[in-house]
Amino acid sequence: MPGRDQELGSYYVGVDVGTGSVRAALVDQRGILLAFADQPINQWEPQFNHHEQSSEDIWVACCIVTKKVVQGIDLNQIRGLGFDATCSLVVLDKQFHPLPVNHEGDSHRNIIMWLDHRAVNQVHRINETKHSVLQYVGGVMSVEMQAPKLLWLKENLRETCWDKAGHFFDLPDFLSWKATGVTARSLCSLVCKWTYSAEKGWDDSFWKMVGLEDLVADNYSKIGNQVLPPGTSLGNGLTPEAAKDLGLPAGIAVAASLIDAHAGGLGVIGADVRGHGLACEGQPVTSRLAIICGTSSCHMGISKNPIFVPGVWGPYFSAMVPGFWLNEGGQSVTGKLIDHMVQGHAAFPELQAKATARCQSIYAYLNSHLDLIKKTQPVGFLTVDLHVWPDFHGNRSPLADLTLKGMVTGLKLSQDLDDLAILYLATVQAIAFGTRLIIEAMESAGHSISTLFLCGGLGKNPLFVQMHADITGMPVVLSQEVESVLVGAAILGACASGDFASVQEAMARMSKVGKVVFPRREDKRVLPGNFWELMKSTGNWLFLVTSDCLFYYTCTFVVNKLKTFLEMRTVTIYFKN
Ligand SMILES: Nc1ncnc2c1ncn2[C@@H]1O[C@H](COP(=O)(O)OP(=O)(O)O)[C@@H](O)[C@H]1O
Ligand SMILES: O=C(CO)[C@H](O)[C@H](O)COP(=O)(O)O
C-alpha cells in the first residue's frame, strides 16, 4: 500500500455519494487520503425534469468502492465510517423495500433526485402559505427540498407509493440506516431539507397547512422522530450484514451523516491557514466561505448568530459546524452546465479526438487552447462579445427562482473549436459571476467574507478556480487533498469513533491548505462574460423582449429591480448604446 503510514495506526473510511458517482477513501488522522476509489451511478430521466436513482444501486456502489479502499490493510486499524450524499429523497415501504417514485411502477427507481423539478406546482402552493418555517430556507422553499416532493408523491402516486410508504429518508440518512439499522436522522438533512428546527423540532402547523398532516399523525415516524447531530455514533455501529457487504469489521463506529456539500464544508473550512498571506488568518472562521463545486455549486458560510439572507438557504443552526448557523447559497447546475455546453457543441467530437491524442482531459485541452488563442491579452478578454446567463435549471440563489432559464448572446455562424473554447470560457465566467452575486447578497445581509475555500470536481479545473478568484476578487484556497468532501466524510467517522473530542477539533487536525490562487489584478479592467457587469460598466440601456411585452431599464434600475426583471420570461436580449 503506497504511502500508508503504519505509525499513526488509526484509519477512517469516508463514503461520498455525489450526483454522478460514489467515491470512498481511506483517511488517516492527519486527513491524508491513503486510498481512493470511485464508481459511476445510474440516473434515469423518464420525463423532462424527472430525475431518479436507485438506492439498491447506490448501496452496491458504496460496497464496491469501500472494499477497494481497504484492500490489503489490517482491518483492525479502521476506527470509524462516515457517509455523505446528495439530498435526494429515498422511499421505502414498511418492510424497508424500495417503492416506485414513477408512473411506470418501477420500484428499482425509488429515489427522487435533488435536481428533480416535478414538484413545481406543489412548491408554489407551499410558498403561498408564507408559513414561518420558510424564513429559515431563505424566504422561499426550493423545489429541490423534500416537502414539495412528498406532496407530489401523495397527489400523484397515492396507491402505488404514498399509502404503502413506511420510510422517507434523505439519501445520507438512508446510508447510515443501511449500515447500522438505526433509523435516526441527521440534524443536517432534517434542518436543511425538511424544515426541522434544531431548537424547536417539527412544526405541526406547517405540515398540516401544506396538506401533509398524515406525517404528523404518526408522530413523524416516517420522516424521522429521532434526530442526532452529524458525527454522533449510531447504535451498535456497523451491523454484521453491512460489514459483510462493505468488507469492513462489524461493530466499528458509524456516524450520523451529512449532505455532500456540508461534508465538503467540514473538509475545508477549518484548515490552519498560517503562513499563506490570507486575510482570514487570525480572523474568526466566519470570514471563510466554503464552495463545493460538482454537478452543482454550494456556498457554505457560517455565523455565530442567525443571518437571514433573502434567496439564500438557512439560517440553519448546527447543520454543518456544531454551534454555528449556516447559510447555504447555491447554483443548481455548474459542472453539469459546463458539460452540457461543451458536449452539445458541434466541435465536441473534434475536441474529444484532439484531447485523446494528447492524453489530456477535454478541460485540460480547452484550457491550453484558450491560452493559445488569447495571444497576449488576458484570457478574460476573449468573451467581450459573448455572454452566458447560467440559470439553465433555474436559479437557486440569490434569486430563488426555479423558472429561470439560460441565455447565450453573441453567437456567430462559425462553430469551430475556437468558438467552443470561448463558449466554455463564458460559461465558466458566468458561473463565477453567479458566485459573486451570492457573496454580495450574503455580505449585504451581514456576512463578512474574505477567503474562499473551494473543492469538488470543478476544483480540479484551474480555469474555473482562477475565474472565481478574479471575478470575486478573493483568494481561493484549495485543499491539500483534492477529494476534500471525502475528508469531511472521514471526519464524521473519526468523530463517531471517539478519537476526537469535537467536530471542530477533527476539522482543525484533518483539513489542510494545499494551494492558494490569488485574484489577477490585470483582469479587473474588463469583466466580460456577464450581463450584469456589462450593464454596470457601460451604463447601456438594456432592452428585453418578453413573451408578452417590451421593457427597458437602465443598468442601475435593473440591478435594483433584479427580482422583478427576472420574473419575466425572457426571449431575446439586445444591448443598445
Ligand atoms: N479533471 C477535471 N477537470 C475539469 N473538470 C472536472 C474534472 N473532473 C471533474 N470535473 C467537473 O466536475 C463535475 C463533477 O464533479 P463531482 O464533484 O464529481 O460531481 P458530483 O459530486 O455532483 O457527482 C463534472 O461535471 C465536471 O465538469
Ligand atoms: O443541495 C445540495 C446540498 O445542499 C447539493 O447541491 C446537492 O446535494 C447536489 O450536490 P452535488 O452537486 O455535489 O452532486
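Which residue places a polar side-chain atom 2.8 Å from an oxygen atom of ligand 1? In this predicted model, the residue is Arg-23. The report begins with ligand 1 and its surroundings, then turns to ligand 2, and closes with selected features of the backbone and of individual residues.

## Ligand 1: polar contacts and burial

Besides the contact made by the side chain of Arg-23 at 2.8 Å, ligand 1 has an oxygen atom 2.6 Å from a polar side-chain atom of Asp-339. The backbone also takes part: an N or O atom of the main chain of Gly-335 is found 3.2 Å from an oxygen atom of ligand 1. On its own, ligand 1 would expose 570 Å², of which the protein buries 77%.

Ligand 1 is located in the largest pocket. Its surroundings comprise 16 residues, and Gly-20, Arg-23, Thr-295, Asp-339 and Gly-457 are the closest of these.

## Ligand 1: composition of the shell

By residue class, the shell around ligand 1 consists of ten polar, four charged and two nonpolar residues. Two elements, strand E2 (21-28) and helix H10 (335-343), each contribute at least two residues to this shell. The greatest contribution is that of H10, which gives three residues.

## Ligand 2: polar contacts and burial

Ligand 2 also sits in the largest pocket. The side chain of Thr-19 has an N or O atom 2.5 Å from an oxygen atom of ligand 2. For Glu-328, the distance from a side-chain N or O atom to an oxygen atom of ligand 2 is likewise 2.5 Å. Arg-396 adds a further contact, with a polar side-chain atom 3.1 Å from an oxygen atom of ligand 2. Of the 380 Å² of accessible area that ligand 2 has by itself, 96% is covered by the protein.

## Ligand 2: composition of the shell

There are 15 residues around ligand 2, and those that come nearest are Thr-19, Lys-193, Asp-260, Ser-296 and Glu-328. In terms of residue class, six members of the shell are nonpolar, five are polar and four are charged. Helix H9 (residues 260-268) accounts for the largest share of the shell, namely three residues.

## Cis peptide bonds and positive phi values

As background to the backbone geometry, most peptide bonds are trans, and most residues other than glycine have a negative phi. Two peptide bonds to proline may be described here. Gly-314 and Pro-315 are joined by a cis peptide bond with omega of about 5 degrees, and Pro-315 belongs to strand E15 (residues 313-317). The bond from Ser-397 to Pro-398 is also cis, with omega near -5 degrees. Pro-398 is placed in the loop that runs between strand E17 (387-389) and strand E18 (407-409).

Positive phi values occur at Asn-219 and Cys-359, neither of which is glycine. For Asn-219, phi is near 55 degrees, and this residue is part of the loop between helix H7 (213-217) and strand E10 (227-228). For Cys-359, phi is also near 55 degrees; Cys-359 lies in the loop between helix H11 (348-357) and helix H12 (362-374). Cys-359 counts as exposed because its relative accessibility is 75%, over the 50% cut-off.

## Buried residues: Ser-186 and Ile-431

Ser-186 is located in strand E9 (residues 185-186). Its relative accessible area is 1%, and Ser-186 is therefore classed as buried, the limit being under 20%. The side chain of Ser-186 has polar partners in the backbone. One partner is the backbone nitrogen of Cys-188, at 3.0 Å. The other partner described here is the backbone oxygen of Ser-257, which is 2.8 Å from a polar side-chain atom of Ser-186.

Ile-431 forms part of helix H13 (residues 417-445). With a relative accessibility of 0%, Ile-431 counts as buried. Between Ile-431 and Cys-455 the separation is 24 residues in sequence, and the distance in space is 15 Å from C-alpha to C-alpha.

Methods: Residues are numbered from 1 along each chain as its sequence is written. Chains are lettered from A and ligands numbered from 1 in the order in which they are written. This is a predicted model: local features need pLDDT of at least 70, side-chain atom pairs count only at pLDDT 80 or more; totals for chains, interfaces and linings use all residues. Side-chain values use heavy atoms; hydrogens and water are left out. A residue is near a molecule or strand if one of its heavy atoms lies within 4 Å of it. A polar contact is a pair of N or O atoms within 3.5 Å; within protein, one must be able to donate a hydrogen and the other to accept it, and residues adjacent in sequence count only if both atoms are side-chain atoms. Accessible areas come from the Shrake-Rupley method with a 1.4 Å probe; for residues, only the protein chains shown count as cover. On a 1 Å grid over the protein atoms alone, a cavity is a set of points where a 1.4 Å probe fits but cannot get out, and a pocket is an open set with protein on both sides within 12 Å along at least five of seven lines; lining residues have an atom within 4 Å of a point. A molecule sits in a cavity or pocket if more than half of its atoms lie within 2 Å of its grid points. Helices (H or I, at least four residues) and strands (E, at least two) are DSSP runs, numbered from the N terminus. Ala, Val, Leu, Ile, Met, Phe, Trp, Tyr, Cys and Pro count as nonpolar, Asp, Glu, Lys and Arg as charged, and the others, Gly among them, as polar. Buried means under 20% relative accessible area, exposed over 50%, partly exposed in between (1.4 Å probe, protein chains only).
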